[in-house]
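Biologist: Can you pull up the model? I have some questions about it.

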Amino acid sequence: MSAYSKELEVAQLAVQRASLLTKKVFHEKAKGTVSKDDASPVTIGDFGAQALIIQAIKKNFPDDQVVGEEEASTLRNDIKLRDQIWAFVKDTTLTDADAERIVGGPIETIDAMLGAIDAGNSAGGNKGRIWALDPIDGTKGFLRGGQYAVCLALMVDGDVKVGVLGCPNLPVDDAAPLTAQSGVDQTDAEGKGVLFSAVSGQGATSRPLGTAGLGKSKPIQMKPVEDITQATFCESVEAGHSSHGDQHAIVTKLGVTKPSVRMDSQAKYGSIARGAGDIYLRLPVSATYQEKIWDHAAGDLIVREAGGEVTDTLGRRLDFSKGRTLQENKGVVAAPKAVHGNVLEVVKEVLAKK
Ligand code: AMP
Ligand code: MG
């Protein structure tokens, strides 16, 4: 058996199951009119997906720690919210009995659900086995029916070993190129829903996001960029998350002619890893913001295993060993290995002029 095969299987099935929950929440809560006293669909989806994923991790690897975005303390006093989340959690199962057993079967009680959410409280660091979890990355995209991702990565002694991204609104087809439409409402379209995975040293794959066991996987690779002026570059939708101005200056200087593709979440990492896009830039808007490890761990590994290089704006590898944030890094520059140096040079030039 190859290294981390059990971890990979559990992570993929856990992300697949949690993605089902987020889709249900979207259809029942986000899409329709949310009644006034209902919790936000993001809150329900975030807590619900976190509960299902941590349960799967703890059933299989009880000693592992989890750095999760959410914590349950407020939830214990908010019975109404708790019950709304429970209504989704108790009914979300994989339709394949073996697969459901691997992720620990249904959560049995509300208390067990709260306990699972609470277990995402690790401080992170450079010792031992720690999972980084973002139950719904790209919350704005989730609400608008655009791109979002269920993100899970295993770090061992601060190094990312396994990464999984569930992207319910990306096309299954790895060859479908990114367009300006890729980041807008994609929900319910035919052929949507993809699960990206990577294990350190073993490459990256994609497969359709299903409802039962795991579908058949295909290896993915970044596309060789022969002419950088023809490259497709992606960035956040939210101007508050990365500097659209700096990114525009960088790609203009590189001679890129295509308009940027804006999409929420780590779907950007998955999209460049399979060659649907080429470059992902995330230039800081604030000097003090520290990127969160759960926003990057899975995507960083998937892109590197697909033949890419991921650094910050100073050319340093992303360092996941410093706690819950990437405190030793500034921004993200992700591109195929062959052109990363070129892109980074221009990033530095543009930042130096500021
Ligand atoms: P994206 O969908 O790529 O725009 O990234 C979404 C993530 O951005 C969220 O999960 C937040 O954790 C993160 N975020 C929030 N504020 C900032 C900020 N000021 N700079 C960078 N990322 C941020
Ligand atoms: Mg996030």
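Biologist: Which residues does Asp134 touch, not counting residues up to four places away in sequence?

Modeller: Asp134 touches Glu69, Ala149, Val150, Cys151, Trp294 and Asp295. Contact means heavy atoms within 4.5 Å. Before we go on: this is a predicted model, where local features need pLDDT of at least 70, side-chain atom pairs count only at pLDDT 80 or more, and totals for chains, interfaces and linings use all residues. Residues are numbered from 1 along each chain as its sequence is written, chains are lettered from A and ligands numbered from 1 in the order in which they are written, and side-chain values use heavy atoms, with hydrogens and water left out.

Biologist: Is Asp134 buried or exposed?

Modeller: Asp134 counts as buried, at 1% relative accessibility. The cut-offs: buried is under 20% relative accessible area, exposed is over 50%, and partly exposed is in between, with a 1.4 Å probe and protein chains only.

Biologist: Which protein donors does the magnesium ion (ligand 2) have?

Modeller: Asp134, Asp137 and Asp295, each through OD, lying 2.0 to 2.3 Å from the ion. Donors are N, O and S atoms within 2.8 Å of the metal (3.2 Å for Na, K and Ca), and water is not among the atoms, so sites may look incomplete.

Biologist: How are those donor residues spaced in sequence?

Modeller: The pattern is D-x2-D-x157-D. Asp134 and Asp295 are 161 residues apart and link distant parts of the chain. Asp134 is in strand E2 (residues 129–137), while Asp295 is in the loop between strand E10 (279–282) and helix H10 (297–305). Helices (H or I, at least four residues) and strands (E, at least two) are DSSP runs, numbered from the N terminus.

Biologist: And where does Asp137 lie?

Modeller: Asp137 lies in strand E2. It is buried at 9% relative accessibility. Asp295 is buried too, at 13%. Leaving aside neighbours within four places in sequence, Asp137 contacts Tyr148, Ala149, Cys151, Ser265, Gln266 and Asp295.

Biologist: Which residues does the UniProt "binding site" annotation cover?

Modeller: The unreviewed entry lists Glu69, Asp134, Ile136, Asp137 and Asp295. They are spread over 227 residues of sequence but cluster in space, with a largest C-alpha distance of 9.8 Å. UniProt positions are in the numbering used here, feature names are shortened, and annotations may be inferred rather than shown by experiment.

Biologist: New topic. What is the strand order in the sheet of 7 strands?

Modeller: E1-E2-E3-E4-E5-E6-E7, an open sheet with mixed pairing. Two strands pair if DSSP finds at least two bridges between them. Strand E1 (65–68) and strand E7 (218–220) are the edges, each pairing on one side only.

Biologist: How many bridges join E1 to E2?

Modeller: 4 bridges, and the strands run parallel. Gln65 has Ile130 in E2 as its bridge partner.

Biologist: Which strands does H1 lie across?

Modeller: H1 lies across E2, strand E3 (149–156), strand E4 (159–171), strand E5 (192–199) and strand E6 (203–208), at about 30° to E4. Axes are lines fitted to C-alpha atoms, for helices over the stretch in contact, and angles run from 0 to 180 degrees between N-to-C directions. H10 packs on the sheet as well, and its direction makes about 95° with that of E4.

Biologist: What does Glu7 contact, leaving aside its neighbours within four places in sequence?

Modeller: Phe61, Arg129, Trp131, Leu154 and Val162. Glu7 is in helix H1 (residues 5–30).
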